[in-house]
Amino acid sequence: MSTGTRTPTTTAPASRTFRLPDLGEGLTEAGLVQWLVSVGDTIVTDQPIAEVETAKSIVELPSPYAGVVTALHGAAGDTIDVGAPVLDVAEEGAAEQSEKKTDAEGARPAPSVEHDTYRAEERAGSGNVLIGYGTSGRATSGRRRRPATASERRQTASVEVDTPTEPPARRPVAVRSPLVRRLARDLGLDVHAIVPTGPDGAITRADVLAAAVDSAVDGIGKDPDRASPGTTGTPGDREHPTVDGLAIRSRERLSPLRRAVSARLSRSRSEIPEATVWVDVDATDLWNLRADMAPAGGKAPSITAILARFVLLALAEHPVLASRLSDDGSELLSFEGVNLGVAVDTDRGLLVPVVPSAHTRSVEELDSALRELSATARDGRMPPERLRGSTFTLNNYGGLGVDGSAAIINHPEVAILGIGRIIERPWVVDGQIVPRRIAQLSLVFDHRVCDGGYAASFLRRVTELIEHPLRAFGQV
């Protein structure tokens with residue numbers, strides 16, 4: 001009879017991996033905003049499990065599977081490629097059966113040690129610092145071993161060096177999380193050189209980030225006046241990477257939205273020979289008249305809505321400014337009407353939601369549409385289809401407290417109109433200096449489609465409507 005101990009075998013519960021689907025619009029990746037579920041949660045089919053940010057908007061990801069969440073692949077701030085794992089789901093019935101079988105055989109209690117370790121690795125850092133210059137731990141319940149500081153690791157390493165020994169053989173490394181292994185690879189780190197602090201000698205995300213800090217400090221210019229880490233001073237005195245004598249506070253990868261905006265603006269600057277005309281306009285009469293435009297018991301339309309209506313009237317007489325050039329620049333595409341883009345400043349950056357067929361809408365209808373678009377955009381729930389198709393953009397940057405701006409045309413459009421603050425200024429009226437409500441209008445246009453005279457004619461028409469709003473009676 002054998003005296004050895006036989007390790008019982010168990011059948012792992014059926015597990016399925018949900019991978020990031022094709023989100024359309026040619027998008028190849030998404031940024032993880034936040035998880036809506038945790039490891040151990042029981043979910044149902046089509047339940048939202050995470051919020052992700054694309055180059056268009058923030059959307060919820062529904063799970064195609066039901067069961068128990070066994071792993072979350074990523075942390076808030078990470079970028080997930082299309083086709084990459086998002087989370088693992090075990091079939092609830094299979095998981096329960098496997099746990100009962102394991103407990104009956106006395107192998108180990110559920111959940112597994114590997115499972116707890118994987119979860120601890122995923123929560124080892126906030127994930128907000130992608131390059132590895134340090135990150136604060138996320139608040140969790142229960143106890144967890146404090147990771148060793150860089151100073152402690154160096155002191156330990158120095159003691160080991162003082163003892164002459166033979167070079168150790170290349171040892172196997174416990175890296176249970178594929179995300180931790182990928183992070184080390186992306187940062188150019190050898191996992192065999194990383195000091196582990198996790199349970200059972202496992203390397204955690206915090207270990208990888210700390211090793212990246214050490215590597216960066218050793219490889220980038222140092223300040224000779226500062227104490228060397230691990231010799232004197234406190235852990236807070238640890239050196240930071242520097243560029244041109246200045247310490248780098250942090251590095252943050254651009255979000256999908258910012259990269260999309262960057263690409264579009266760069267293309268606009270490189271392809272469009274733009275020109276700008278501007279004018280100061282007396283908006284006093286419009287300012288005073290607006291208060292009388294409120295319906296009984298309702299709100300007066302916004303200045304932006306009124307200006308949008310005036311712009312649409314002027315574009316009906318100057319349709320070239322609401323056209324597009326073909327991709328090869330050989331044809332001018334004119335349209336029946338205008339899809340009006342309106343720039344909205346949000347926490348995620350500048351978005352340009354679109355009012356389709358805006359030329360068919362009254363001031364009241366434009367006001368309602370603009371309020372809804374602004375609220376939806378600032379809430380981060382703007383569907384991608386509502387951010388495309390504009391043929392002319394209006395940017396009321398006066399709401400940001402500035403008077404003027406050299407705007408960049410929203411490619412593939414050919415013009416953009418900016419409006420500054422409407423503020424009281426000294427103005428000459430009938431030979432007298434009086435206070436008036438003045439605003440600056442600036443029109444940026446593609447010089448390939450028209451000349452300055454055409455652009456100036458459009459701007460004069462908008463100015464006339466603003467300075468004499470009653471002339472547009474019956475058209476607003």
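Q: Two strands pair if DSSP finds at least two bridges between them, a strand being a DSSP run of E of at least two residues, numbered from the N terminus. How many bridges join β3 to strand β6?

A: The model is predicted, with local features needing pLDDT of at least 70, side-chain atom pairs counting only at pLDDT 80 or more, and totals for chains, interfaces and linings using all residues. Residues are numbered from 1 along each chain as its sequence is written, and side-chain values use heavy atoms, leaving out hydrogens and water. β6 covers residues 67-72 and runs antiparallel to β3. The number of bridges joining them is 2.

Q: Which residue of β6 is the bridge partner of T42?

A: β3 spans 42-43 and is an edge strand, pairing on one side only. In the open sheet ordered β1-β8-β6-β3, β3 stands beside β6. The bridge partner of T42 in β6 is V68.

Q: Which strands stand at the edges of the open sheet with the order β5-β4-β2-β7?

A: This sheet has 4 strands with antiparallel pairing. Each edge strand has a single partner strand, so one side of each is left without a neighbour in the sheet. These strands are β5 (58-62) and β7 (79-81).

Q: What angle does the direction of helix α6 make with that of β2?

A: Helix α6 (a DSSP run of H or I of at least four residues) covers residues 256-271 and packs on the sheet, touching β2, β4 and β7, where contact means heavy atoms within 4.5 Å. Axes are lines fitted to C-alpha atoms, for helices over the stretch in contact, and angles between N-to-C directions run from 0 to 180 degrees. The angle between α6 and β2 is about 150°.
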